[in-house]
Structure formats: structure tokens, C-alpha cells
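Me: Could you walk me through this model and explain the reasoning behind the labels? I would like to see each value set against its cut-off.

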Amino acid sequence: MYPRGYNLPMRRWLVGLVASAAVALPAYAAAPEAVQRGEQLFFEHSFGPTASSVPMAVFQALQHQDARFRPEALGERYGLLFKPGRDLPIGFVGAPALGVERLSFNCSLCHTGQAAGKVVPGMANTRLRMQEFEEDLMDALKHDVEVSGTSTYETAQIKLWLLLARRQAEGFKPSPHRAGPGRFDLLQTFKKRLGLPPHGFNAQMDIPALFGARMLKRYPRDGALGGDQDLVRYLIVRLSGDNSPLKGGKVPAWVTDLNAYLASLEPPANPYPVDRVRAAEGHKVFRNTCAPCHGVYEPYELSHPNRIIPQAVVGTDPQRVQVWDAASIAFVRRDPLISQLDLQPGVGLLPPSLRGVWATPPYLHNGSVPTLYDVLSDPGKRPATFRRGPNYDPVKVGLTGDEGFLYDTRIPGNGNMGHPFGVPLSERERLAVVEYLKTL
Ligand code: HEC
Ligand code: HEC
């Protein structure tokens, strides 16, 4: 539906955006120029490729050689999205390291998705399959890749990279924790960047939408990082997109621009019918029952209590909460930058923002519940398995049908238990709250 316009060889990508964005603005002062610069960072900035990142020439060669990486296969196989005027998939960016153009990934890879057939920034890419992409890449690198650089130096660098990559690929073991589409274990990446040992948990997280950026003050879902907002966001950037080692230093001015952009993100308008009378009824129930945890979503007030709900109270699958343990906190406290934050070991989960929630099934942190109706129903009556496919149920609000990835809640870490807060509602109230949630 979007013109692919994917021409090989790819053009060189602009870098140096950081330098052009060095005007300091107070956080969330959404000056239009700051938002614009933030948008540019969000989509185009490469947060630091290193000598280990895939050389762009290798990726291009694979696209010729291996059907899995053909431009037309990338959308189908890995859920990658495209936008007009951009050759690479959204979130794929190129930047040089050691004199060689490299492929790296940025925020828009996971945090730009589709709703009602349109590409929406800030929306989760619910079809993204980065686990398969990485595994296919590793598999491809076990074989010969025919590639040469634009100079003798570059060719030598690429040949060396291929040699090392092949060794790594031969020792590569796929994760036993299958993500399926729209999920990613970001904390494993965080831990790697911080130099912490890998964890063995199934902490595949349903990629969150970022429409709550104006309300949430603690990140990520377990609320481990709080305090100065620019610093918190900087760490999210460093930990999720930047390959360079995290050592002290100062928060660069462009983080303010990125923050301004994130705060400007609006959820897509719901194209499905809403019963306004029912929604008004649900609104009242929501204010009494749900707002104390999830916050207030009014045209005149958007606020969130930012209170971490203990694991024993929320009762959803425990594996994600266990990832960020006291030992990890003690370890990161040694970093002069991180230690300035208000750090909490994983004790529970922050109630997510519900802005645009109708567009982001499945639900709960691990994506274990297919519809909003099921989230508000008795945990024991939620479906044990469902399909993460393209079919949308506008009544129960969420996934339906028998196409797509089979999600099995019986696998440890994939559990659909907990969040019993809709159980005391009458059926009428439950449906009214679902109606209200369609309007957020
Ligand atoms: C490979 C996918 C991926 C990339 C790339 C990525 N994120 Fe995320 N992001 C996630 C996942 C998954 C989580 C949930 C993490 C958790 O709590 O375990 C998350 C969480 C967040 C959150 C917290 C949201 C919430 O409601 O708690 C913010 C803010 C965020 N990301 C911003 C960014 C920014 C800014 C970038 C670019 C520098 C980025 N992300 C890059 C996948 C990604
Ligand atoms: C005691 C605090 C608390 C109350 C009360 C509460 N929630 Fe939640 N809610 C949470 C937490 C914490 C999560 C995250 C759970 C997880 O991801 O495992 C959550 C998750 C959700 C989600 C999943 C969102 C997503 O994007 O995956 C929805 C929907 C939701 N709540 C709706 C409601 C509604 C509607 C009510 C009122 C009937 C309500 N909640 C009451 C704390 C609460």
C-alpha cells in the first residue's frame, strides 16, 4: 500500500544530526522546531554504530543473494514498514564506523506501527519480528557473501568483519523464548550494553506505544528508572539504540528535542463506531475504578499517578519483574550518570498509559490477552491460546480469527494471569468501560 521505492544501491545516509540539534530548550516546551528536530532524530538518527554493526555493503549483497532479505520480502517476513521517499525500511539507518557504512536500528523500528491501514509514529510495530531477522542474518552469515567495498581499505575491513561474523554465527544459539510478532526482550539488550550477564527469563515484552510519553515519569514498564526526565530518556536512548559504552558524561542537548517529539505523539483516531451513551457510562466507572492506577484522560487534564503496583497486587506473569533485580541495580549504581537517578529494583509494574489502547492489541506487558474485554474479565476465563494475526474485533476490542502466530499462554513467561481489577464489575459496566476505552 505504501510505495516501496527501494532502489539499490542505497543512498548514503545523512549523519551529523546531533550537531544540528544542539539548541537547549526546557523539557516539553514543545516549540515546533524542537519537535521537528526530535522527529528527525526519531526516524533518521543512527544512535552509534560500531565496528561490530553489519556493513551496509554486506546487507546489500545479502539482498541480492538471499531471497529472505529481498526488499519485497522484508515487509512480509519481518513486518518491516516503509514510508515514501525512504529506501530503507523504517528504523533501519546507515552511518559510518571505522570508515565503513554500517546498518543500525533506531527508535522508529519498534515504535512506529500501523493502525487502520496507516503508518503511525509512536504506535508499536505489532508485526515486527526482529528475533527472526537476527536468526536469519546469523544463518546467512554462515555462508559465503560476495561483497567488495568502494576502496581497498573498505574491502579489507568488510572481509575481516565477515570472517569474525561467520565465527560468531557458527556459535549462535537461537533464544528458547519465542517472541513471535510485536515482542522484543529489550531488557536483555539493556543488560548487554551495561555489561551485565544475560538473564534466562522469558521477558519478551509486547512493544509499547509511546503515546503516554506526556504522562509517564518512570521507565520502562517496571518503573526501574525515575528522576530527571531528560536523563531518564537519555538512558533509554543509550540503552536501546546506542552501541557505544555507557560511561558517565553529560546528557546532550538533543535529548530535549527527542523528548519534545515523544511528548507530541498523538494516538490515531478510532475509525470504528462508538456508542457515546455507553462510553459516558464507562467513563464514570473508569474514573472510580481504574483512574487511581491508570490516570486521567480528559481534554483538560492528562495525568498519571506514576505509582508502581507491586507484583503481588497486579499478579500478572512474574518473569519480567524479576529481570531488574537488586544485583543489577547495585551494579548500575556504579555508573556516575545512572546513579543520579531514582532507581527501583523490579518490584512490580507501572500501569501503562491507555492512550490509543484500542489500537494496540494484544494486552498486558507480555501481550498475553487478545482483547480489552478479556483484560477486564475473570483471568481464569481468558483464552489459553490465540492468534496474533491481522483480524481485529471492534466489539471486544482486540485480536480475533485463526490467522497468524499462535500465542500460547501456557509457556512460562507467556502467562495471562492477574490484573483482576475488572472482575467485580457487572457485565454491563465491563462493556461500558470497553466502550470508553475505544475513545482514548
Ligand atoms: C528493538 C525494539 C526497540 C527499539 C529499537 C526501541 N525500543 Fe523503546 N521499547 C521497546 C520495548 C520492548 C520496550 C518495553 C521495555 C520493557 O519494559 O521491558 C520499550 C520501552 C520504551 C519506553 C517506555 C514506554 C513505556 O510505556 O513504559 C520508551 C519511552 C521508549 N521505549 C523509547 C524508545 C526510544 C526513544 C528509542 C530510540 C532511542 C527506542 N525506544 C528504541 C522496544 C524498542
Ligand atoms: C491497582 C492498580 C490497577 C487498577 C485498579 C487497574 N489497573 Fe489496569 N493495569 C495495572 C497494571 C500494573 C497493568 C500492567 C500489567 C501488565 O502489563 O502485566 C495494567 C494493565 C492494564 C491494561 C493493559 C494495557 C496494555 O497496553 O497492555 C489495560 C487495558 C488495563 N490495565 C485497563 C484497566 C481498566 C479498564 C481498569 C479499571 C476497570 C484497570 N485497568 C484497573 C494496574 C491497574
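Reply: Happy to! Let's begin with a cut-off: a polar contact is a pair of N or O atoms within 3.5 Å. Please keep in mind that this is a predicted model.

Me: What makes the approach of L364 to ligand 2 a polar contact?

Reply: A backbone N or O atom of L364 is 2.8 Å from an oxygen atom of ligand 2. The limit is 3.5 Å, so the pair qualifies as a polar contact. T316 also takes part, with a polar side-chain atom 2.7 Å from an oxygen atom of the ligand. In addition, an N or O atom in the side chain of H294 lies 2.7 Å from a nitrogen atom of ligand 2. Helix 12 and helix 16 (372-375) are the elements that give two or more residues to the shell around this ligand.

Me: How do you know that H294 and H419 coordinate the iron atom of ligand 2?

Reply: Their NE2 atoms sit at 2.0 Å from the iron atom. A donor has to be within 2.8 Å of such a metal, so both histidines pass.

Me: Why is the arrangement around that iron atom called octahedral?

Reply: Six donor atoms surround the iron atom of ligand 2, and the angles they subtend run from 86 to 180°, which makes the arrangement octahedral. For that label, opposite donors must be over 155 degrees apart and all others between 65 and 115.

Me: What makes the pair H294 and H419 a tie between separate parts of the chain?

Reply: H294 belongs to helix 12 (residues 291-294), while H419 is in the loop between strand 16 (405-408) and helix 17 (427-437), so the pair ties together parts 125 residues apart in sequence.

Me: Why do these two histidines count as buried?

Reply: Buried means under 20% relative accessible area. H294 has 12%, so H294 counts as buried. H419 has 12% as well and therefore gets that label too.

Me: Which residues surround ligand 2 most closely, and what is the shell made of?

Reply: Of the 20 residues in the shell, the closest are C290, C293, H294, H365 and H419. By class, 15 are nonpolar and five are polar, with no charged residues.

Me: Now for ligand 1. How do you know that H111 is a donor to its iron atom?

Reply: The NE2 atom of H111 is at 2.1 Å, and 2.8 Å is the limit, so H111 counts as a donor. H111 is the only protein donor of this iron atom, and its place in the fold is helix 5 (residues 107-111).

Me: What makes R221 and R320 polar partners of ligand 1?

Reply: An N or O atom in the side chain of R221 is 2.7 Å from an oxygen atom of the ligand. For R320, a polar side-chain atom lies 2.8 Å from an oxygen atom of ligand 1. With the cut-off at 3.5 Å, both pairs therefore count as polar contacts. The shell of ligand 1 has 13 nonpolar, three polar and two charged residues. Helix 5, helix 8 (186-194) and helix 9 (229-241) each supply at least two of the shell residues.

Me: What caps the N-terminal end of helix 8?

Reply: D185 does, with a side-chain oxygen 3.3 Å from the backbone nitrogen of L187. That falls within 3.5 Å, so the distance fits a polar contact. Just after helix 8, G195 has a positive phi of about 85°.

Me: Why is R86 called buried, and what does its side chain reach?

Reply: R86 is at 3% relative accessibility, so R86 counts as buried. Its side chain reaches the backbone oxygen of P89 at 2.8 Å, and a polar atom of that side chain lies 2.9 Å from the backbone oxygen of F92. R86 itself is in the loop between helix 4 (71-78) and strand 1.

Me: How do you know that strand 1 and strand 2 pair?

Reply: Pairing needs at least two bridges, and six join strand 1 (residues 92-97) to strand 2, so they count as a pair. The two run antiparallel. One bridge links P96 with E101 in strand 2. In this hairpin, with two residues between the strands, L98 takes a positive phi near 50°.

Me: What makes strand 2 mostly covered?

Reply: Five of the six residues of strand 2 (residues 100-105) are buried.

Conventions: Residues are numbered from 1 along each chain as its sequence is written. Chains are lettered from A and ligands numbered from 1 in the order in which they are written. This is a predicted model: local features need pLDDT of at least 70, side-chain atom pairs count only at pLDDT 80 or more; totals for chains, interfaces and linings use all residues. Side-chain values use heavy atoms; hydrogens and water are left out. Donors are N, O and S atoms within 2.8 Å of the metal (3.2 Å for Na, K and Ca); water is not among the atoms, so sites may look incomplete. Four donors count as tetrahedral if all angles lie between 85 and 135 degrees; four count as square planar and six as octahedral if opposite donors are over 155 degrees apart and all others between 65 and 115; anything else is irregular. Helices (H or I, at least four residues) and strands (E, at least two) are DSSP runs, numbered from the N terminus. Buried means under 20% relative accessible area, exposed over 50%, partly exposed in between (1.4 Å probe, protein chains only). A residue is near a molecule or strand if one of its heavy atoms lies within 4 Å of it. A polar contact is a pair of N or O atoms within 3.5 Å; within protein, one must be able to donate a hydrogen and the other to accept it, and residues adjacent in sequence count only if both atoms are side-chain atoms. Ala, Val, Leu, Ile, Met, Phe, Trp, Tyr, Cys and Pro count as nonpolar, Asp, Glu, Lys and Arg as charged, and the others, Gly among them, as polar.
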